[in-house]
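Me: Please take a single part of this structure and examine it closely, in one connected account. I would like to know how the part is assembled, what lies against it, and how the rest of the chain relates to it.

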Amino acid sequence: MRDKFCTFSPSMRDFSYLCKKIADMIADELFANMERLMKHISSDYKRYMYSVLPWNNRLTGLVGPRGVGKTTMVLQYILEHKQEGMHLYVTADSTFFTTHTLVELADEFEKNGGTNLYIDEIHKYPEWSRELKEIYDLHPGLKVFFTGSSVLDILKGEADLSRRALVYTMQGMSFREYLGLFHQIEVPAYSLNQILANEASIPGVDHPLPLFRDYLSRGYYPFSNEEGFAMRMQQIVMLTVENDIPLYADMRVSTARKIKHMLTIIAQLAPYKPSYESLAGEVGVSKNNIADYLLYLEKAGMIGLLRDDTGGMRGLGKMEKIYVDNPNLMMALAEGVPNIGNLRETFFYNQMRVNNDVVSSKQSDSQSVNTHLRREAETKASVRLPTSPTASSPKTT
């Protein structure tokens, strides 16, 4: 691999020393890091997005919450296609970028035969949007794939990439994926109508409830079987709230801590319809800031906001209910074991929103049920199917 990075374009002869230095670093450092990571990657099981993503598109992005397996999936693709062209995987927080830019890397990589460049955690690179735009415009033969935090906004950067990049969103594992990855039980994808009609089955499993309970507690994340799961969950929360959100919103650390406090309060009550005024009072912030803070937490994959169907073109209807993003996170944040009905409701909302626009129903029978059933009945989720699949809402799971 190193030999391919020891030739230089005649047009760059005045900068041959600089080019050689960059080429040597690519060969010695970046390729070595990629090879080291791929030694620990298994291709036995692939997440649902693997077959959905257009890997050969010129500029493709994959965003999603921390811990859902974005990096693993990228490395799986490289491992299976390493004989097709020249692939290079880098992380945007690599020490390489303390003295070099993404544009320099892309330029040198393509000049020496590079075909596919993968940039992980792009949100950690200060001018990511401007340089990705420049790479796209200057290197039409180079395929660039980047991953980032779910708070990444391609419209928010210095350069608008919306007309150049296809950006997909990846969520955590479904119960079906949990069965496949952790128990080697292959189950086809069923539609909601099939499930409601009792047409779904799990081959070879007579009693699925124990498996489902385990999924609710620790099956949403691909690292669930690794040691220190509870600690890893706390780290995801800390890094998301104290690093990713402040980076996106350009906020102070003190504000991030207040958002973390707000998340803790929500976790004790969700799913519920909050009062902005009371929530602001408990957190110690202005009521006017609550809507923004909730949106940050939603984009970061910490909570889900159930809205009504009055959103119009922007899709931002009136908020009817707050959920913790997924049952695993709910159990990690809650004090004690959450109510099983709340866990199941959170699971339903979480899974339905992957491919569908989930909105609150205008009809509710909450006034006609007993108090102990009020929480499950007060807001019924109605599923509004998209008219056509989009990049951020893939058709299959």
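Reply: **The parallel sheet and its surroundings**

T91 has D120 as its bridge partner in strand 3. The model in which this pairing occurs is a predicted one, and every value below was computed from it. Just as T91 is matched with D120, V90 is matched with I119 of strand 3. These pairs belong to a set of five bridges that join strand 2 to strand 3 (residues 116-120), the two strands running parallel.

The pairing of strand 2 with strand 3 is one part of an open sheet of five strands, ordered 2-3-4-1-5 and paired in the parallel sense. At its edges stand strand 2 (87-91) and strand 5 (166-169), each of which has a pairing on one side only. Between neighbouring strands of this sheet the turn is 15 degrees on average, with direction ignored.

An edge position says nothing by itself about burial, so the two properties are best read separately. Is strand 2 enclosed or open to its surroundings? Four of its five residues are buried, so strand 2 is largely enclosed by the rest of the structure.

Strand 1 (59-64) is paired with two strands. Towards strand 4 it runs parallel, with six bridges between them; in that pairing, G64 has S149 of strand 4 as its bridge partner. Towards strand 5 the sense is again parallel, over four bridges, and V63 stands opposite T169 in strand 5.

Side chains of a regular strand alternate between the two faces of the sheet. In strand 1, L59, G61 and V63 point one way, while T60, L62 and G64 point the other way. Are the residues of these two sets buried or exposed? All of them are buried, and strand 1 is accordingly described as mostly covered, with six of its six residues buried. The relevant cut-off is a relative accessible area under 20%.

Two helices can be placed against these strands. Helix 2 (residues 70-81) lies across strand 1, strand 2, strand 3 and strand 4 (143-149), and runs at about 160 degrees to strand 2. Helix 4 (residues 128-138) also packs on the sheet, where it touches strand 1, strand 3 and strand 4; its direction makes about 165 degrees with that of strand 4. Strand 1 is thus in the list of contacts of helix 2 and in that of helix 4.

The connection between strand 3 and helix 4 has a backbone feature of its own. E121 is found in the loop that links these two elements. Its phi is positive, at about 55 degrees, although E121 is not a glycine.

A second residue with a positive phi lies away from these strands. Q184 follows helix 5 and is found in the loop between helix 5 and helix 6 (192-196). Phi of Q184 is near 50 degrees, again in a residue other than glycine. Q184 is exposed, with a relative accessible area of 60%. By contrast, helix 5 (residues 175-183) has F175, E177, Y178, L179, G180 and F182 as its buried residues, and these pack against helix 7 (209-218) and helix 13 (340-352).

A further point of reference is a packing of helix on helix. Helix 8 (residues 229-249) and helix 9 (residues 253-269) meet at an angle of about 135 degrees, their axes being 9 Å apart. That angle makes helix 8 oblique to helix 9. Their crossing is right-handed. On the side of helix 8 the contact is formed by V237, M238, V241, E242, I245 and P246, and on the side of helix 9 by A256, I259, K260 and L263. Eight of these contact residues are nonpolar, none is polar and two are charged. In the loop between helix 9 and helix 10 (276-283) lies P271, which is joined to A270 by a cis peptide bond with omega of about 0 degrees.

To set the sheet within the whole: the chain contains 14 helices and nine strands. Of its 397 residues, 48% are buried. Among contacts between residues at least 6 apart in sequence, 70% join residues at least 24 apart. The pairing with which this account began is an instance of separation in sequence, since T91 is matched with D120.

Terms used: Residues numbered from 1 in each chain as written. Predicted model: local features only at pLDDT ≥ 70, side-chain atom pairs only at ≥ 80, totals over all residues. Heavy atoms only, no water. Axes fitted to C-alpha atoms, helices over the stretch in contact; angles between N-to-C directions. Parallel < 35°, antiparallel > 145°, perpendicular 65-115°, else oblique. Left-handed = near helix turned anticlockwise from the far one by under 90°. Contact = heavy atoms within 4.5 Å. Nonpolar A, V, L, I, M, F, W, Y, C, P; charged D, E, K, R; others polar. Pairing = 2+ DSSP bridges. Buried < 20%, exposed > 50% of the residue type's maximum accessible area, 1.4 Å probe, protein only.
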